[in-house]
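Reader: Hey, can you walk me through this one? I'd like the overall picture and then some local detail.

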Amino acid sequence: MNKLFCLLKPCICVFALAIVSVLLVAAKTSISTPIKEITPFDLTYGVYLNSSKVGWMRSAMMLNKDKSIKIILELHAAVGGMGQVSTIDISENRKYAGPKMMLQELSFIQKAATGQVIVTGKRSNKELLLTVQAGDAQTQQHHEVLETVYDALAANKLARTGKVGDSVISQHFDPSLQRNITIQQHVKAIENRMFAGVVTRTLRIDATYNDLGINETSWFDETGKILETKVGGFFIARLEPPDVAKKLDYQQDLLVAAVVKTPRAINNPETLEHLTVAFSGFGKMDPPSSPRQKVDRQGDLVVLSLTRDPVLPKISLADMKIPNEIKSEIVATPFIQSQASAIRKAAIAAKGNANLLPEVVEGLTHYVYNHIKAEYVPAYSNALEALNSGRGDCTEYSVLFVGLARALGIPARVAVGIAYWPPGDGFGWHAWAEVFADGRWYTVDPTWNQPIADATHVKLAGGGPAEQARIVMLLGNLKVVALAD
């Protein structure tokens, strides 16, 4: 059953991030509008993945008596995956105040079957003091954030007063990623489109998130109201009356629908040592190259030569040498709580008496594989929550493995991409782990109980959610043209 759970999670979470910024601009205002003239709003949007309704969003702006402005975003989704329906609820509140109407306070709460993540922030001069609670661990951070309410309203100026060719750049601090995002928005066209059965004159605005590698297209009416937002070829948010937006239907299994089909079956993929695959649909984005993944760009096609990694070198943990440039891959983060006592205790138990790297990695792989009960959870993952709940999909398996490895001083990181899934007759979206030793990274898949992952694993991105965001543009576009094993 473990092979049934694939990586749509980062895409869903990144989709929520991508439409947050544009849904915040639905007020009738512009950059130069006095605050007292800003019109409050409260709008709902149906959320669709691959043409299936999976949830709804609410975007609202309120004017407070103290002249501050509160912006609210809610996302409620129920995602079907392999016969299960898993829910995720995200709420975000932002308060802008002061002479420059800067972002003063924020809160972000994500709830899913395995637990919740809470991020709160409060301004102190130019910085936001951020508190992140994931699992049982709490961390604090300082971020310089200069975002104002006018950043949140920037696209509306284009929608109401701009003309084709105009553009604007705005800032958005994302609490789930704990980083500032730069958004560049361009007026691309004036189009007549059908909305709610009515032909409507719309302004099309394309947004580029350069930090994340995401492109987004939105259509506004003449009042500056957003009618529809599309991210990649897979995700849509559409303005709907509340009763329509909140009415959900589950027409298809999204994990199956997202599979990248192959022209023929790949036999015994778990024992495969070599595989060559030609893809279309990468656009200008090439996948990363490594000793196990050779990349050859041939016009619009990307040809990958994939090889299973060799056996890990037989070195003891005490003798491992860690270059300075990868020391960030052994430290704890808010979502990889490798210094938490529960993680450290579990890592020691999983390691047992082993001391050589291959045996230690094998022990961690088997421990994670046996500890987590496979269940699709469409939420950001963290190691402590995965350990405590014992539930999750490939991202929980992977982030827990990385947390355990780092607790033992082994450099490790999460990788995301696709891997061949026989029941789906193609490549399913997936996540796994990588460990560093003797000058290179080795691929490990704890979800599939593979201390050395098979050759069908195609890495598309690595790192945290911000880095994983880049694959959202490939959903619905990636195609297998040819393969040879």
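Author: Here is a short tour, starting with the whole chain and moving on to strands, helices and loops.

Author: This is a predicted model, where local features need pLDDT of at least 70, side-chain atom pairs count only at pLDDT 80 or more, and totals for chains, interfaces and linings use all residues. Residues are numbered from 1 along each chain as its sequence is written, and side-chain values use heavy atoms, with hydrogens and water left out.

Reader: OK, how many helices and strands are there in the chain?

Author: The chain has 10 helices and 25 strands. Those are DSSP runs, numbered from the N terminus: helices are H or I with at least four residues, strands are E with at least two.

Reader: And what share of the residues count as buried?

Author: 57% of the 485 residues count as buried. Buried means under 20% relative accessible area, exposed over 50%, and partly exposed in between, using a 1.4 Å probe and protein chains only. As for contacts (heavy atoms within 4.5 Å), take those in the chain with a separation of 6 or more: residues 24 or more positions apart account for 61% of them.

Reader: Let's look at E13. Why is it largely enclosed?

Author: Strand E13 covers residues 226-231, and 5 of its 6 residues are buried, so the rest of the structure largely encloses it.

Reader: Which strands are joined to E13 by bridges?

Author: Strand E12 (residues 214-220) runs antiparallel to E13, with 5 bridges between them. Strand E14 (residues 235-239) is also antiparallel to E13, joined by 4 bridges. Two strands pair if DSSP finds at least two bridges between them.

Reader: Which residues line up there?

Author: Thr217 has Lys230 in E13 as its bridge partner, and Val231 stands opposite Phe235 in E14.

Reader: What sits between E12 and E13?

Author: The two strands form a hairpin with 5 residues between them, and Gly224 in the turn has a positive phi of about 90°.

Reader: Switching to the open sheet: what's the strand order?

Author: The order is E17-E18-E16-E25, so to speak a row of 4 strands with antiparallel pairing. The edges are strand E17 (293-298) and strand E25 (479-484), each pairing on one side only. On average, neighbouring strands of this sheet are turned by 20° against each other, direction ignored.

Reader: How many bridges join E17 to E18?

Author: 6 bridges join E17 to strand E18 (residues 301-307), and the two run antiparallel. Gln298 stands opposite Leu301 in E18.

Reader: Now helices. At what angle do H6 and H7 pack?

Author: Helix H6 (residues 341-351) and helix H7 (residues 357-371) pack at an angle of about 115°, with their axes 8 Å apart. That makes H6 roughly perpendicular to H7. Axes are lines fitted to C-alpha atoms, for helices over the stretch in contact, and angles run from 0 to 180 degrees between N-to-C directions. Angles of 65 to 115 degrees count as roughly perpendicular, under 35 as roughly parallel, over 145 as roughly antiparallel and the rest as oblique.

Reader: Which residues make that contact?

Author: H6 brings Ala346, Ala347, Ala350 and Lys351, while H7 brings Val360, Gly363, Leu364 and Tyr367.

Reader: And H6 with H9, at what angle do they pack?

Author: H6 and helix H9 (residues 394-407) pack at about 80°, with axes 8 Å apart, and are therefore roughly perpendicular to each other. The contact residues are Ile343, Arg344, Ala346 and Ala347 of H6, with Leu400, Gly403, Leu404 and Ala407 of H9.

Reader: Which residues of H3 are buried?

Author: In helix H3 (residues 154-161), the buried residues are Ala154, Ala155, Asn156, Leu158 and Ala159. Their cover includes helix H2 (149-152), strand E9 (167-174), strand E10 (179-195), strand E11 (198-209) and E12.

Reader: Last topic, loops. Where does Lys67 lie?

Author: Lys67 lies in the loop between E2 and strand E3 (69-81). Its phi is near 70°, a positive value in a residue other than glycine. Most residues other than glycine have a negative phi. Lys67 counts as exposed, at 67% relative accessibility.

Reader: What about Asp438, buried or exposed?

Author: Asp438 counts as exposed at 61% relative accessibility. Asp438 lies in the loop between strand E22 (426-437) and strand E23 (440-444), and has a positive phi of about 50° although it is not a glycine.
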